[in-house]
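Colleague: I'm new to reading protein models. Could you walk me through some features, one at a time?

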Amino acid sequence: MTDPSTATVRLGRSGLVLDDREETLLCASLFYFRLPREVWESRLAQVRATGYRAIDVYLPWNFHETAPGVWDFEGRRDVGAFLDLAHEAGLAVIARPGPYICSEWDGGALPAWLALEDGLQLRQAEPKFLEQVGRWFDQALPLLASRQWGRGGSVVAVQLENELDFFDTHDRHAYLTALRDMAIGHGIDVPLIACAGQGDLIGATGGVEGIAPAFNFYPDDRSPFIEAEVRRYADLVGAKGLPLLVTETNRMHTTLRRLLASGATLVAPYLQASGYDFGYTPSTGNWGDPGGFMTHDYDFGGFLSPVGESRSETAEARVLAALARTLGPALARATTTAAEGISVDVPTSDSPSLLVLDGGGTLTGVPNLGDTVGKAVFAHEGGEIAAELAPFSCALVLRDLPLAGFGLPGTLRFASADLVAAGPEGLEFASRTASTIVLEGAEPVVVDAPVRGGSIVTEIISGADRWTVVVHHPEDVPAPDGTAGVIHPALPEPEGLTVATRLDLETRTGETEAYELPPVSESVGVYRGRTHYAASVVGLGELLIEGAGDIVDLALDGTALPTFAKFGATVRIPVDGASRLDATVETWGHANFDDSRLPGLAIGALRGLGRVWAVASSEDIASLWTVDGGEQWAGDPAPVRTLAGWSSTRIGRPVTYRRNLPVDGTSDYVLHLDGLQTPCEITVDGESSIVSPDNPWVHFGPGEGREIAITMPHWPVDGGGATLLRLEAVRDWQVEAQPDHALLALSEKDGAGTEVVLPLELAAGEEAWLDVPVPSGGLSLRFEGEQVRVSAFARGELLGRVWLDDAARPKFTGGDPGRLWIPGSWNTGAVRLLVHGTAGGDRPRLARVTAAVSPE
């Protein structure tokens, strides 16, 4: 803990300098909102034991404002208590209050109801949005200000916004200026930073004075080009007297070493300490696959698993932290350049980095990007000297390091092992391979690779000088508190649970309200949870649903249809003589990233059933389009062809097709471009937009659509057809809102039950409550079966949701989609399940539940 009377923090060329201690900082993401309060202290201690000196912490706006004007900073939402525990653990904190955080969190933490306010523009210098942000900052920033480093707390920097360079903010300077002024107005005087997600400094900071740029790098860990890219940014900010702050990056220490050697003074791998999304909090996003779901198990392979398992990278963390601590200011003040004169016999960097240490000596990063032991050869005193390279590693080779500052004589001429401690008693290194160590005046010494628990001690003598050299296995490098060893607990075999109680409880209240048109979920108070809709479809032949999302379960006269999760893409539904449509729309999460390919993936996109239309007529309009190929021909009249039917040798050049549409001026219409191959520009009555192959539909309101032009690059494939549908709105809906708190209340009701032995078979569309007895302690739960979605509840919380073996299930990313976690402190001996059978495949069936004890 710091002494408030002497504590200082400043941002200089050597990085974030705490109490005038210049040191390269390793920082782990650790999120209080993804962990039960009961494990905060132990998880912070686990991070501190790795030697990392800092954590970064998002503050999700919608985690604290659970409904408009309803604030919650109690229990596991008590961020102030978490920050106090971080301070007690000796960890500095980089606080990230947004307002947008991304973090694969529901809506990027922007409250779902913001988009309901007419004229409000998210992440813009727009008065209505800034007013809402001001309300959030009024709550969050005083908590941070009172816990700043110089005021007896742990907060050493505050990040404004997050990766704004990915987003189309119209006036970045005005927007970031407004956020900066709010922060300063609330007494934030530690450094303000803004991170660039794709290297665009001005895009991230707006060029605003008083906001320092930081960078997020997510390279391929085996890319040979990392060093050259990172050095460019180190030089760019170094010219302004600023440090290279890497606020997010990959987790493997091979890559982190490469960043450090390339000039980073803050290295903050994202999610070294993994977490878990309780409640209805995962986002929906794309990650290259439009419409992907994020898992509850929030894990990208960091050194701590979501349930507290310590992984092998923990040892690498201790080694790198010990090296940074040992070299101290010499490393923090170093300047980076390209290394020369090294030959490597395995895949390596295209341009390795060399740090010129302050006070003398160099540190060279030499990657082995292969999976076998390699060798690097350096020029040395008129000859050569070799260093063994462990598989997939980055050796940090020290050369010509003066030892006087450690109370030792002479100079360390060469060391291929990591220097993890130095003092009058000697030098300590860590290595997984044989090490080459050269001390001034002495012959090179090659030390065999140590085994765990078997450190090798060597005396090196040169004249009157004597050095004691110890080489440890990385697993034996002690933590800052002196504890040694890294525990990798092996989880026991899971226990199969097949007995359950089926409860005689309703899964919804059935209380509905009437609406002329189906409302969006957020407008009826469902910011998280699900909304139920019902309407008559008597006499209708086909329905068109626009804008529905996320998870849509439909039934016609009680017969369930296959679930879909189209994120707003238009869907055609045959009615087949049915008289009633029922729909349940569940929100998996709001988009945390802005993606225009699907309507539901835009930041601020709302959830619900969307617009439901009856298809009144259908007309083929694939023909009679005039063609404008620009330079592909000269003269009039323009050819008339089918849509996408023009043939040319100018592949990839734009071609524009035009025609008048047979619209009546009073009805709604939708145009379907069947077989669309690439995004195209559509101009309707002079207004242009982009249409994606993921949602090849264009809606025209009454009076719109008489003149249309479609511009697409020519490609020698069949372009498909074009159909114009005339629409009539389906009206008179009964709607039941079932927000998350209503579902939680149902999950806590008592009811009579019948014992059942799994497997449990359900009809498509059927739902059932089950109580499953579980062993004591913290558990990893898994579910087996098909055609079911399972929501698990305990202690008044949603543990999470699992979707089993369903062809309609979207791709899941971010962690293990099959695991749910019940913390030991939440385990009352049973887990309550809400099981929903889906249609479109085998008979829905929950076959088995398994439980394995987790370490927490």
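Modeller: Sure, we'll go through helix packing, cores, burial and a few unusual backbone spots. Keep in mind that this is a predicted model.

Colleague: Let's start with helices. How do I describe two that pack together?

Modeller: Two packed helices are described by the angle between their axes and the distance between the axes. Try it on helix α8 (residues 253–261) and helix α9 (residues 313–327): their angle is about 20 degrees and their axes are 10 Å apart.

Colleague: What does that angle say about how α8 and α9 run relative to each other, roughly parallel or roughly antiparallel?

Modeller: Angles under 35 degrees count as roughly parallel, and α8 and α9 are therefore roughly parallel to each other. As for handedness, α8 and α9 make a right-handed crossing.

Colleague: Which residues make the contact between α8 and α9?

Modeller: From α8 you have H253, L256, R257 and L260, and from α9 there are E313, E316, A317, V319 and L320. Sorted by class, the contact of α8 with α9 has five nonpolar, one polar and three charged residues.

Colleague: Is α8 buried or exposed as a whole?

Modeller: Nine of the nine residues of α8 are buried, so α8 is largely enclosed by the rest of the structure. Among those buried residues are T254, T255, R258 and A261. Just past the helix, look at G263: this glycine follows α8 and has a positive phi, near 115 degrees.

Colleague: You listed V319 in that contact. What else can I learn about V319?

Modeller: V319 sits in helix α9. The cut-off for buried is under 20% relative accessible area, and V319 is buried with a value of 1%. V319 touches R257, D418, V420, A430, P474 and V477, leaving out residues up to four places away in sequence.

Colleague: How far apart are the C-alpha atoms of V319 and H473?

Modeller: They are separated by 9.7 Å, while the two residues are 154 residues apart along the chain.

Colleague: Can we practise on another helix pair?

Modeller: Take α4 and helix α5 (residues 172–185), which pack at an angle of about 30 degrees with axes 10 Å apart. That makes α4 roughly parallel to α5. The crossing of α4 and α5 is right-handed. On the α4 side the contact uses F129, L130, V133, G134, F137 and L141, and they meet Y175, A178, L179, M182 and A183 in α5. By class, the contact of α4 with α5 has 10 nonpolar, one polar and no charged residues.

Colleague: And one more pair, near the start of the numbering?

Modeller: Helix α1 (residues 40–49) packs with helix α3 (residues 79–88) at an angle of about 35 degrees, with their axes 10 Å apart. α1 passes α3 in a right-handed crossing. Here W40, E41 and L44 in α1 meet A81, F82, L85 and A86 in α3. That contact of α1 with α3 has six nonpolar, no polar and one charged residues.

Colleague: Now cores. Which residues touch the most other members of the largest nonpolar core?

Modeller: The largest nonpolar core has 177 residues, and V47, I55, F429, L781, F783 and L833 touch the most other members. Helix α4 (residues 127–145) gives the most to this core, with nine residues. For a close-up, pick I55: its contacts include C27, L30, L44, V47, F82 and I94. There is also a second, separate core of 25 residues, which includes V655, L671, V698 and A722.

Colleague: What about the unusual backbone spots?

Modeller: Check the peptide bonds by their omega angle. G98 and P99 are joined by a cis peptide bond, with omega about 20 degrees, and P99 is in the loop between β7 (92–98) and α4. Another cis bond runs from G549 to D550, with omega near 5 degrees. D550 lies in the loop between β35 (542–546) and β36 (551–556).

Colleague: Which phi value does E163 have?

Modeller: Phi of E163 is near 50 degrees, a positive value in a residue other than glycine. E163 lies in the loop between β8 (155–160) and α5, and E163 is buried at 8% relative accessible area. F392, also not a glycine, has a positive phi of about 35 degrees. You'll find F392 in the loop between β22 (383–389) and β23 (393–402), and F392 counts as buried at 13% relative accessibility.

Notes:
Residues numbered from 1 in each chain as written. Predicted model: local features only at pLDDT ≥ 70, side-chain atom pairs only at ≥ 80, totals over all residues. Heavy atoms only, no water. Axes fitted to C-alpha atoms, helices over the stretch in contact; angles between N-to-C directions. Helix = DSSP H or I, 4+ residues; strand = E, 2+ residues; numbered from the N terminus. Parallel < 35°, antiparallel > 145°, perpendicular 65-115°, else oblique. Left-handed = near helix turned anticlockwise from the far one by under 90°. Contact = heavy atoms within 4.5 Å. Nonpolar A, V, L, I, M, F, W, Y, C, P; charged D, E, K, R; others polar. Core = buried A, V, L, I, M, F, W, Y, C linked by side-chain atoms within 4.5 Å. Buried < 20%, exposed > 50% of the residue type's maximum accessible area, 1.4 Å probe, protein only.
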